[in-house]
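Subject: Structure handover

Hello,

Here is the structure I said I would pass on. My notes on it follow below.

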Amino acid sequence: MDPRALLLVLVAAVAHASWNLLSKKAAQADSLVFLWLVAAAAAVIWSPLFAGFLLVAGPTLSWGDLAVIGGSTALHLGYFVLLQRGYGNGDLSIVYPVARGTGPMLASLVAVLFLGERPTAVGVAGIVLVGVGVFLMSGGSGRGDLKGLAFGLATGLFIAGYTVWDSRVVGVFAVAPIMLNYLDEVGRALALTPAVLTARRRALILPVWREHRAGVLGAAVLTFVSYLLVLIAFTMAPVSVVAPAREISVLIAVVLGGSLLAESGLRHRLLAAGVILGGIVAIALS
């Protein structure tokens, strides 16, 4: 794995775990209102960067490009909605590891079976170790909140979907990562607008903003940064390597859940850290 790609993935992991902590702290707020505020804030915050990119690079988009970007937006919308609702039903240290564990295993399987990627034996061993480690983090077979586990598994399906899809968008279709990332934010905000502007949810916008302003703005910055770095890494390394390697974020999320949210099982999940670290090393050497 290209050392630059590995560095990008590791920084993205820290940012990713951090915005998930912010989302978990807002789990009792209306999930669609919170997600809409985050997407809208991200669209505003990152608009100068996007405008600068348009002026400097002068990219052009075909109808095909817009279609695949729309597919990405739909997959990310499903991911965010399921994840936020999962946090309303389970612990960060349950939902996050299960979701992040399911996603890369499926993404890597699709990449190998259908996209022609061929990881080495060491890479395969690393992928397996990461998958085993994250499920150990969640408590193994069935312990913890069943609703949280179910939402984690469902979220993982969308993670696998957007991981493979987006890698093709920035690879085969050569859509710039910043273009895809920013238009995903805008598209998600637009898609959620009809649901948020219903009478019941419209009345919740200001209360949710006032109570979770810091979380909204923090998540708006970190979601964009974390995934932009991953998209750039996709241009440097195969999906079957990048997707599992970024899952070191589960270590960070479990520590944050145990130390800042007082979630149980911290010692057990930290014992599984060696398994994940072994997987990351194997992937990096593949």
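To start with one residue: does Tyr 227 count as buried or exposed? Tyr 227 counts as buried, at 5% relative accessibility, the cut-off for buried being under 20%. Please keep in mind throughout that this is a predicted model.

Overall fold

The protein has 14 helices and zero strands. Its radius of gyration is 18 Å, close to the 19 Å that the globule rule gives for 286 residues, so the protein is as compact as a globular protein of that length. Along the principal axes, the C-alpha atoms fill a box of roughly 50 × 45 × 25 Å.

Of the 286 residues, 53% are buried. Contacts between residues at least 6 apart in sequence were also examined, and 89% of them join residues at least 24 apart. The accessible surface comes to about 11,800 Å², and carbon and sulfur atoms account for 72% of that surface. On the charge side, there are 18 positive and 12 negative side chains, with the centres of the two sets 6 Å apart.

Aromatic pairs

The structure holds seven aromatic pairs. One of them is formed by Trp 46 and Phe 224, whose ring centres are 4.5 Å apart and whose planes meet at 15 degrees; the pair is stacked because the angle is under 30 degrees. Trp 46 sits in the loop between helix 2 (31-45) and helix 3 (47-57), while Phe 224 belongs to helix 10 (residues 205-234), so the pair ties together parts that are 178 residues apart in sequence. Both Trp 46 and Phe 224 are buried.

Tyr 227, the residue from the opening question, pairs with Tyr 162. This pair is edge-to-face, with 5.4 Å from centre to centre and 90 degrees between the planes. Tyr 162 is in helix 7 (residues 146-171) and Tyr 227 in helix 10, and the pair links distant parts of the chain, 65 residues apart. Tyr 162 is buried as well, with a relative accessible area of 2%.

Ring pairs also link these two tyrosines into a cluster, made up of Trp 19, Tyr 79, Phe 80, Tyr 162 and Tyr 227.

Two residues of helix 7

What does Tyr 162 touch, leaving aside its neighbours within four places in sequence? The contacts are Leu 75, His 76, Tyr 79, Arg 100, Ser 167, Tyr 227 and Arg 246. Tyr 79 and Tyr 227 from that list are also members of the ring cluster. For a distance across the fold, the C-alpha atoms of Tyr 162 and Ala 12 are separated by 16 Å, with these positions 150 residues apart along the chain.

Phe 158 is found in helix 7 too. Its relative accessible area is 28%, which makes Phe 158 partly exposed, whereas Tyr 162 is buried. Not counting residues up to four places away in sequence, Phe 158 touches Leu 75, Gly 78, Tyr 79 and Leu 82. Leu 75 and Tyr 79 also appear among the contacts of Tyr 162. From Phe 158 to Leu 115 the C-alpha separation is 18 Å, and the two are 43 residues apart in sequence.

Backbone points to check

Most residues other than glycine have a negative phi. Ala 174 has a positive phi of about 55 degrees although it is not a glycine. This residue, Ala 174, lies in the loop between helix 7 and helix 8 (177-196). With a relative accessible area of 59%, Ala 174 is exposed.

Ala 262 likewise has a positive phi of about 55 degrees without being a glycine. Where is Ala 262 found? Ala 262 is in the loop between helix 12 (249-260) and helix 13 (266-271). At 68% relative accessibility, Ala 262 counts as exposed, because the cut-off for exposed is over 50%.

Regards

Terms used
Residues are numbered from 1 along each chain as its sequence is written. This is a predicted model: local features need pLDDT of at least 70, side-chain atom pairs count only at pLDDT 80 or more; totals for chains, interfaces and linings use all residues. Side-chain values use heavy atoms; hydrogens and water are left out. Helices (H or I, at least four residues) and strands (E, at least two) are DSSP runs, numbered from the N terminus. The radius of gyration is taken over C-alpha atoms; the globule rule is 2.2 Å times the number of residues to the power 0.38. Buried means under 20% relative accessible area, exposed over 50%, partly exposed in between (1.4 Å probe, protein chains only). Contact means heavy atoms within 4.5 Å. Accessible areas come from the Shrake-Rupley method with a 1.4 Å probe; for residues, only the protein chains shown count as cover. Lys and Arg count as positive and Asp and Glu as negative; His and the chain ends are not counted. The place of a charge is taken as NZ of Lys, CZ of Arg, CG of Asp or CD of Glu. Rings of Phe, Tyr and Trp (its six-membered ring) pair if their centres lie within 6.5 Å; planes under 30 degrees apart count as stacked, over 60 as edge-to-face and the rest as tilted.
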